[in-house]
Structure formats: structure tokens, C-alpha cells
Amino acid sequence: MTARIREFLRNRREDGPCVVVDLDVVEDNYRAFAHALPDTRVFYAVKANPAPEILRLLARLGSCFDTASVQEMEMVLATGATADRISYGNTIKKERDIERAFELGVRLFAVDCKAEVEKIARVAPGSQVFCRILCDGAGAEWPLSRKFGCVPEMAADVLEHAHRLGLEAYGVSFHVGSQQGNTEAWDQALGSASAIFKQCAERGIILSMVNLGGGFPTKYLKEVPGVESYGESIFRALSKHFGNRLPETIIEPGRGMVGNAGIIETEVVLVSKKSDEDDVRWVYLDIGKFGGLAETMDESIRYPIRSERDSDETAPCVLAGPTCDSADVLYEKVPYLLPVSLEIGDKLLIEGTGAYTTTYSAVAFNGFPPLKSYVI
Ligand SMILES: *Cc1c(COP(=O)(O)O)cnc(C)c1O
């Protein structure tokens, strides 16, 4: 909680939950990434929080952008950043969207199979492509395994196909899983990347780039290593697998760039029990899974929640959202400790909510408006 956010919330008069993002924290995060990985270009993963103020700040600081759709590209271009700072990092693209991206000037594309290479060769000739490889996501709280990437053994064929079709086979990418708590998680994938560089070289194709993806964590309830530790560990793994012929590298932080810059303010709508014998209270908030807290799915992300009664005794509660969907329960398998003195109407602060909240909130489920966002 920064002083600026505290001040903002003190003066806010509107009703309803909101997220407040402090741009100073985003700027600090950007500089920390640039410092921890000095020879690496930063491509901010726009999906984490595409607020125009955040994109403008990062554009001014020199960041590049990882986008997954033409709409995200247009948001980036609206900041004045040029298309050579944009990658189309989604491995699943319609051919007409690739064509549109190419018209906008984008020349950097992710692929994970030959069919996707063929689309790019047809409508974005001469572009750079990198092949995403699967990564098991071990150690991550929000794994991105299975859906994206091919097995490392297939990557050289995909890249060779690109080369033959007149594209530039540029490199390899992977994502070690979001909210990755293990600083060593990059080691194995870098070993695979280095093997793919060798296989391609044997076929006369010289790759030059490794895209290290995102995964850098935000502090929720548990402590996480600092970005410096990630930088050191990644540099060690790069040296181990590539020797003194280090490839060009890029990172795509999303959560690590904006997560800790945002705080959600929410209100307690109801505190109740299902029977007189129950000792676990149900606490219902005016925000839930459909209002921006989608990452509580399977109770994956456990946000720190503060109240003005934090010095009081606590007891476990089931925490739920306000909508008429029984899936709209945030924490039940592992109940959440909240003050026993908590009352209807109390305001709670949910920390670490600058990433993956606004973009996940429904337009008007049950008539509740999407999560209001202020960037200060
Ligand atoms: C979502 C995503 C990211 C950002 O991941 P974080 O764990 O939030 O840093 C980076 N790269 C790609 C391709 C993504 O899909």
C-alpha cells in the first residue's frame, strides 16, 4: 500500500469495488527488471493490465510489448510506440489477424507448429518467428503448461520449415509458468533451447534469440525471491548452456511488472453462518471471481487481504463474491483468516491486484459493472 493509493482511497466518494494502480511502482518494477537483466529487452505482457496510462509510461521508459491480439497492438500503438517494439506472442492466431498485424508494421511472431508458420509465411513474408516450446510449469502457482508450445524435439523442424518458406527463423521461447517461485526454473528450458540452437546450426540455420517469457512473481501471502535473484539465476543458466556465445534475450514480465502496483478496495456485504453450530463464517464481498478475482480459480492465487481490524483476533471464513453463481466462491477449501470483529459495511483492501484483475472482470454479470480502475 503506497501513500498515494491511501490518499486516493481516502478521498474517493464513489460506491463499488475498484482497483487503484500506482504508476510509481510500475516504474520501479521496470527499472528493477532492466537492472537485473541488463542485456535483455523487456516486452511487457500487455494482457496483465492494458490500462493506457501503464502502456504510456512503459513506452516512455523504453519497454517493448508482448501482445496477443490486434486490439492489444492498437492499444500499444496508441501510446506512440512504434510497431518494431511489438511482438505477436500468441501461438494461436487467425491468418487475417496476422495480416492486419503485418500491415500495422509488426514483424515478430510466435509459432509452435508448422501450420502456424504457413499462415505467417503467406501474409507476413520475411518476418521473424520464434518457436515456443512446452515447459511443465513446475513451481508455478498459475502454470501455463500444455496449451502453448511444442515438444523441444519438434522445434527445429518448425523453425526449418519457417526458414524454407522465406521467414527468419529467429529463436526459441518458453514460459516457465506464472507466479514462478523457483529462480532455477529457467535452467531446464534453456538447456532445451541450446539443443535447438545446435540442431538448427547443423541444418545451416543460425538462431539468435531466446525469449525467456514471464513468470516473475508478485508477493502475495508468501515471500518471493527478488528480481535480482531471478536475473542472477537466469544469467548462470544462460552461461551454462550457451557458454560464451550468449544469445540475444528478451523477457515478457506481466504480473511482475504491475501486480504489486495495484490494490483493490472492496466492501463486506454480508457476514453469516449456515447453521447455528457452524464455526466458520461466510463473508461475502462486493467483488468476486467475475468482478476481477478470476485468479482465485482453484484457490490458485491467495491475495493478502487487509482491514482496519487487523490487530483483532482472527478466525477462518469462507470468502465469496456477490453474484448468483455458486462458483463465485474465492476461498473455501482453505478458509481465509479474517478478524472476528469484521462487520457488514467494512472496507477491505486486497493487495497485489495490479495484474490479471480488470481484464478478467465480466461486463455485467448480474448487472454488476466491470471492475473500476484508477491509475494514479
Ligand atoms: C501471459 C504471458 C506472459 C506474462 O506472464 P507473467 O507470468 O504474468 O509474467 C508472458 N509471455 C506470454 C507469451 C504470455 O502469454
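Ten helices and 18 strands make up the regular elements of this protein chain. What you are looking at is a predicted model. How does the radius of gyration of the chain compare with the globule rule? It comes to 22 Å, close to the 21 Å that the rule gives for 376 residues, so the chain is as compact as a globular protein of that length. Along the principal axes, the C-alpha trace spans about 75 × 40 × 35 Å.

As for the inside, 54% of the 376 residues count as buried. Now take the contacts in the chain with a separation of 6 or more: 70% of them come from residues 24 or more positions apart.

Two helix pairs are worth a look, and here they are side by side.

| Helix pair | Angle | Axis distance | Crossing |
|---|---|---|---|
| H4 (residues 70–77) and H5 (residues 95–104) | about 15° | 10 Å apart | left-handed |
| H8 (residues 186–202) and H9 (residues 227–242) | roughly 30° | within 9 Å | right-handed |

Let's start with H4 and H5. They pack at an angle of about 15°, and angles under 35 degrees count as roughly parallel; H4 and H5 are therefore roughly parallel to each other. On the H4 side, the contact is made by Val 70, Met 73, Glu 74 and Leu 77, while H5 brings in Asp 97, Arg 100, Ala 101 and Leu 104. Sorted by class, that contact has five nonpolar residues, three charged ones and no polar ones.

Next come H8 and H9, with axes that cross at roughly 30°. H8 puts Trp 186, Asp 187, Leu 190, Gly 191, Ala 193, Ser 194 and Phe 197 into the contact, and H9 answers with Tyr 230, Ile 234, Ala 237, Leu 238, Lys 240, His 241 and Phe 242. By class, the contact of H8 with H9 divides into nine nonpolar, three polar and two charged residues.

Finally, zoom in on a single residue, Gln 180, which you'll find in strand S9 (residues 178–180). Is Gln 180 buried or exposed? Buried means under 20% relative accessible area, and Gln 180 has 0%, so it is buried. Leaving out residues up to four places away in sequence, Gln 180 touches Gly 137, Ala 138, Gly 139, Ala 140, Ala 185, Trp 186, Gly 215, Pro 217 and Tyr 230. Two of those names may ring a bell: Trp 186 of H8 and Tyr 230 of H9 also take part in the contact between those helices. Lys 198, on the other hand, lies 18 residues from Gln 180 in sequence and 28 Å from it in space, C-alpha to C-alpha.

Conventions. Residues are numbered from 1 along each chain as its sequence is written. This is a predicted model: local features need pLDDT of at least 70, side-chain atom pairs count only at pLDDT 80 or more; totals for chains, interfaces and linings use all residues. Side-chain values use heavy atoms; hydrogens and water are left out. Axes are lines fitted to C-alpha atoms, for helices over the stretch in contact, and angles run from 0 to 180 degrees between N-to-C directions. Helices (H or I, at least four residues) and strands (E, at least two) are DSSP runs, numbered from the N terminus. Angles under 35 degrees count as roughly parallel, over 145 as roughly antiparallel, 65 to 115 as roughly perpendicular and the rest as oblique. A crossing is left-handed if the near helix is turned anticlockwise from the far one by less than a right angle, and right-handed if clockwise. Contact means heavy atoms within 4.5 Å. Ala, Val, Leu, Ile, Met, Phe, Trp, Tyr, Cys and Pro count as nonpolar, Asp, Glu, Lys and Arg as charged, and the others, Gly among them, as polar. The radius of gyration is taken over C-alpha atoms; the globule rule is 2.2 Å times the number of residues to the power 0.38. Buried means under 20% relative accessible area, exposed over 50%, partly exposed in between (1.4 Å probe, protein chains only).
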